[in-house]
Amino acid sequence: DFEKAQACYRAALRLDSRHYNAWYGLGTVYYRQEKYELSEYHFRHALGINSRSSVLFCYLGMAQHALKRNGDALDLLQHAIALDARNP
């Protein structure tokens, strides 16, 4: 249930606005709802907190691809691989 998930992630952010997993979680909810601009915003915010996460770069790349920003998407995915080539 997307609404419950959003409520939980927002509650986590009220407790700690630097909880990058909550920003990532909201981004994934919006991505699954095909709200790609909102997902991009949340993934970028998560990356602002944890810039070493290959997973966050990968998901931001997926959002960029969905927004037809394929060059940016490719750059982000290549950066994700450079950070952790073992992360699928």
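Reader: Where is the place of Ser53?
Author: This is a predicted model, so take the placement as a prediction. Reading along the chain, Ser53 sits between two helices rather than inside one, in the loop between α3 and α4.

Reader: Is Ser53 buried or exposed?
Author: The cut-off for buried is under 20% relative accessible area. Ser53 has a relative accessible area of 12%, so Ser53 counts as buried.

Reader: Which backbone nitrogen does the side chain of Ser53 reach, and which residues does Ser53 touch beyond four places in sequence?
Author: Past the local stretch, Ser53 touches Leu47 and Leu83. The side chain of Ser53 also makes a polar link at 3.1 Å, and its partner is the backbone nitrogen of Leu56.

Reader: How about the start of α1: which residue has the backbone nitrogen that a side-chain oxygen of Asp1 reaches?
Author: Look at the beginning of α1, where Asp1 offers a side-chain oxygen. That oxygen comes to within 3.1 Å of a backbone nitrogen, the one belonging to Glu3.

Reader: What distance separates the end C-alpha atoms of α1?
Author: Helix α1 covers residues 2-15, which is 14 residues. At 1.5 Å a residue the helix should span 20 Å, so the model agrees with the expectation: the ends are 20 Å apart.

Reader: And α2, how far does that helix reach from its first C-alpha to its last?
Author: α2 has 13 residues. At 1.5 Å a residue the expected value is 18 Å, and the helix comes close to that, with a reach of 18 Å.

Reader: Which elements do the buried residues of α2 pack against?
Author: The buried residues of α2 are Ala22, Trp23, Gly25, Leu26, Gly27, Thr28, Val29 and Tyr30. These pack against three helices: α1, α3 and α4.

Reader: Let's pick one of those. Is Thr28 buried or exposed, and what is its relative accessible area?
Author: Thr28 is found in helix α2, and beyond its sequence neighbours within four places it is in contact with Phe43 and Tyr59. Buried means under 20%. Thr28 is buried, because its relative accessible area is 17%.

Reader: Which residues have the most contacts inside the largest nonpolar core?
Author: In soluble globular proteins, nonpolar side chains tend to be buried together. Here the largest nonpolar core has 15 residues. Those with the most contacts inside it are Leu13, Trp23, Leu47, Phe57 and Leu60.

Reader: Which elements give two or more residues to this core?
Author: The core of 15 residues draws on several helices. Those giving two or more residues are α2 (20-32), α3 (36-49), α4 (54-66) and α5 (70-83).

Reader: Leu13 was on that list; which residues is Leu13 in contact with, leaving aside neighbours within four places in sequence?
Author: Leu13 is one of the residues with the most contacts inside the core. Setting aside its sequence neighbours within four places, the contacts of Leu13 are His19, Ala22, Trp23 and Leu26.

Reader: Staying in α1, is Ala7 buried, exposed or partly exposed?
Author: Ala7 lies in helix α1. Its relative accessible area is 43%, and the in-between class runs from 20% to 50%. Therefore Ala7 is partly exposed.

Reader: What is phi of Glu34 near?
Author: Glu34 follows α2 and has its place in the loop between α2 and α3. Glu34 is exposed, with a relative accessible area of 58%. Its phi is positive although the residue is not glycine, near 65°.

Reader: And what is phi of Lys68 near?
Author: Lys68 is found in the loop between α4 and α5. Lys68 is exposed, with a relative accessible area of 69%. Lys68 is also a residue other than glycine with a positive phi, near 65°.

Reader: Zooming out, what pattern does the protein chain follow?
Author: The protein chain has five helices and zero strands. Read along the sequence, that gives α-α-α-α-α.

Reader: What radius of gyration does the protein chain have?
Author: The C-alpha trace spans about 35 × 25 × 20 Å along its principal axes. With 88 residues, a compact globule would come out near 12 Å, so the chain agrees with that expectation at 13 Å.

Conventions. Residues are numbered from 1 along each chain as its sequence is written. This is a predicted model: local features need pLDDT of at least 70, side-chain atom pairs count only at pLDDT 80 or more; totals for chains, interfaces and linings use all residues. Side-chain values use heavy atoms; hydrogens and water are left out. Helices (H or I, at least four residues) and strands (E, at least two) are DSSP runs, numbered from the N terminus. The expected span of a helix is 1.5 Å times one less than its number of residues. A polar contact is a pair of N or O atoms within 3.5 Å; within protein, one must be able to donate a hydrogen and the other to accept it, and residues adjacent in sequence count only if both atoms are side-chain atoms. A nonpolar core is a set of buried Ala, Val, Leu, Ile, Met, Phe, Trp, Tyr and Cys residues joined through side-chain atoms within 4.5 Å. Buried means under 20% relative accessible area, exposed over 50%, partly exposed in between (1.4 Å probe, protein chains only). Contact means heavy atoms within 4.5 Å. The radius of gyration is taken over C-alpha atoms; the globule rule is 2.2 Å times the number of residues to the power 0.38.
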